[in-house]
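Hi there,

Here is the structure I promised to pass on. Have a look, and my notes follow underneath.

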Amino acid sequence: MTSEQLASLAGVLLSLGFSYIPGVRQWFEARSGEVKQAIMGLSLVFTAMVIFLSACAGYYKGVACTESGFIGFLTILVSALVTNQGVYLITRKTG
């Protein structure tokens, strides 16, 4: 599994988790739009950082732990963001 695929999977799981896990959903829905965006954005940044740092620690080989590998970190983050928002738009409850 590539790092982008792993990040995309994490983005899907975060979106579905905040939308459907009882307790989490109620807590998340009680927040304002700006706070929701910040929580989701920070969750995705944290996810991308964990993937990148796990490569630096030698647990994952999907990204090089170098200066150019940091560009890979940004690619991971973009993959997670795009997938997360796509799943949110498809699965969100309206009304």
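How much space lies in the largest pocket? About 430 Å³, where a pocket is an open set of points on a 1 Å grid over the protein atoms alone that a 1.4 Å probe fits, with protein on both sides within 12 Å along at least five of seven lines. The volume is the space filled by probe spheres set on those points.

First, the small print. This is a predicted model, with local features needing pLDDT of at least 70 and side-chain atom pairs pLDDT 80 or more, while totals for chains, interfaces and linings use all residues. Residues are numbered from 1 along each chain, and side-chain values use heavy atoms, without hydrogens and water.

Back to the pocket: 19 residues line it (an atom within 4 Å of a point), and Ser19, Phe28, Glu29, Lys36 and Tyr88 are the closest to its centre. Helices (DSSP runs of H or I, at least four residues) α1, α2 (24–29), α3 (33–56) and α4 each give the lining at least two residues.

Helices α1 (residues 3–20) and α4 (residues 67–91) also meet each other: their axes (lines fitted to C-alpha atoms over the stretch in contact, with angles from 0 to 180 degrees between N-to-C directions) come within 7 Å and cross at roughly 35°. Among the contact residues (heavy atoms within 4.5 Å) are Gly11 and Tyr20 in α1 and Ala80 and Tyr88 in α4.

Finally, the whole structure has 1 disulfide (cysteine sulfur atoms within 2.5 Å). Cys56 and Cys65 form it, with their sulfur atoms 1.9 Å apart. The torsion about their S-S bond is about 95°, so the disulfide is right-handed.

Best wishes
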